[in-house]
Amino acid sequence: MENTTPKQIFYPHIVGIDISKMSIDVALINSSSMKCNNALFSNDSEGFRKMKRWLKQHGNDCGEDILFCMEHTGIYTRNIVKYLLKRGCKVWLESSLHIKRSMGLIRGKSDKIDAERIANFAFDHQRDAKLVKLSHPTLNRLKDLMKTRMRLQKSLHSQQIAVDELTKVDPKAGREIERISRSAISGLKKSLDKVEAKMDELIQIDKHLKALYELVTSVKSVGKVLAVDLIVYTEGFTRMLDNRKLACYCGVAPFEYSSGTSIFASPGTSSFANKQLKFHLHMCAMNAIKCHKELRGYYLRKTEEGKSKMSALNAVRNKLLHRVVAVVKRGTPYQEKLD
């Protein structure tokens, strides 16, 4: 029988980059000789240009035959990823936890060592490289606004809780602190309103995102916050357009937990998930079992079958995700089934 195993992708050079706020440590592996060269550059446009010249000196330029691998480090990766993608480079962003666990038992740590470890990880797993694409500029702006909204909400909640708790214990002191905090709370609310208005504006002026937003929000009980979350984190549904993968990412896919005859537990969700998405999905599911007749009936049937309340609620969360994926794939709004 003919061997149908796909050929391993081969890159003449592989670069591992450890990124910090001010600098980038670069490790370049020559795939033929397995020789590793290291260098340190500033994490800015000047540093990127110097890195490009350094790579050229070692036999390669920023092009399609070189693989760059780095960990997700939030906003610190944004500029270098944009710089590399605009030059047609292959860029792989991988979870730091995945890289760490693939290495087994390790000792010692420094930025230089981390860059080499990332490069070695990329060399060993280059066949499975998940290449990123240049992000839609509107999605980046929405993501920034979304994170700003989350920080504002957290600050507002913190201020309000502090005043409420003090008022219960000491009403006089509570009223005083409430007067002092009134302008701060009012300012946070105004800022929150401005952020949400700007998010709505960005969606309305982008025809593609507007169409996606309308499809997602056509699913009953899926609100605008969850809709924007899903659009941003799936990059406009260009990735994770699969029920199971999206459920795993949101932390609502149940997994078995058993071993031999002595260890057994009911299937549960994993803690490795996007916590923000999971929280907003949970809130939508809570709303669904209160206000949506069909989903409330579905929830009650699950509990009558012996499922715990949380397990039944998780089933509702999964159903909402399945419906979102279905309407996006189909390209038509969700239609309620008539009795």
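Helix 2 has its buried residues covered by several elements, including strand 1, strand 2, helix 1, strand 4 and strand 5. The buried residues in question are Ile80, Val81, Tyr83, Leu84 and Leu85. The model is predicted. Helix 2 spans residues 78–86. After helix 2 comes Gly88, and its phi is positive, near 75°.

Helix 2 also links two strands. The chain leaves strand 4, passes through helix 2 and enters strand 5. This β-α-β crossover is right-handed. Strand 4 and strand 5 run parallel, joined by 5 bridges. Within that pairing, Cys69 stands opposite Trp92 of strand 5.

Now take strand 4 itself, residues 66–71. How many of its residues are buried? The count is 6 of the 6, so strand 4 is largely enclosed by the rest of the structure. In a regular strand, side chains alternate between the two faces of the sheet. Here both faces are covered. Ile66, Phe68 and Met70 are buried on one side. Leu67, Cys69 and Glu71 are buried on the other. Strand 4 also pairs with strand 1, in the parallel sense, over 5 bridges. Cys69 appears again in this pairing, with Gly16 standing opposite.

Step back to the whole sheet. It is open and has 5 strands, in the order 3-2-1-4-5. The pairing is mixed. Strand 3 (36–42) and strand 5 (90–94) stand at the edges. Each has a single partner strand, so one side of each is left without a neighbour in the sheet. Neighbouring strands are turned against each other by 20° on average, direction ignored.

At the strand 3 edge, the partner is strand 2, residues 23–30. These two pair in the antiparallel sense, over 7 bridges. Ile24 stands opposite Phe41 of strand 3. Helix 1, residues 45–57, packs on the sheet. Helix 1 touches strand 1 (13–19), strand 2, strand 3 and strand 4. The direction of helix 1 makes about 160° with that of strand 3.

Next come the helices later in the chain. Thr138 has its place in helix 5, residues 137–169. Is Thr138 buried or exposed? Its relative accessibility is 14%, so Thr138 counts as buried. The cut-off for buried is under 20%. Setting aside neighbours within four places in sequence, Thr138 is in contact with Leu202, Asp206 and Leu209.

Nonpolar side chains tend to be buried together in soluble globular proteins. In this model, the largest nonpolar core has 54 residues. Which of them touch the most other members? They are Leu142, Val216, Val228, Leu230, Phe237, Leu320 and Leu321. Many helices contribute at least two residues each: helix 5, helix 6 (171–205), helix 7 (207–217), helix 8 (224–233), helix 9 (243–250), helix 10 (275–291), helix 11 (293–304) and helix 12 (309–330). Helix 12 gives the largest share, 10 residues.

Val216 shows these contacts at the level of one residue. Not counting residues up to four places away in sequence, Val216 touches Val222, Ala227, Leu230, Phe237, Val324 and Val328. Another core lies apart from the largest one. This other core has 24 residues, among them Met51, Trp54, Tyr83 and Cys89. Tyr83 brings the account back to helix 2, where this residue is one of those buried.

Terms used
Residues numbered from 1 in each chain as written. Predicted model: local features only at pLDDT ≥ 70, side-chain atom pairs only at ≥ 80, totals over all residues. Heavy atoms only, no water. Pairing = 2+ DSSP bridges. Helix = DSSP H or I, 4+ residues; strand = E, 2+ residues; numbered from the N terminus. Axes fitted to C-alpha atoms, helices over the stretch in contact; angles between N-to-C directions. Contact = heavy atoms within 4.5 Å. Buried < 20%, exposed > 50% of the residue type's maximum accessible area, 1.4 Å probe, protein only. Right-handed = clockwise from strand over helix to strand, strands pointing away. Core = buried A, V, L, I, M, F, W, Y, C linked by side-chain atoms within 4.5 Å.
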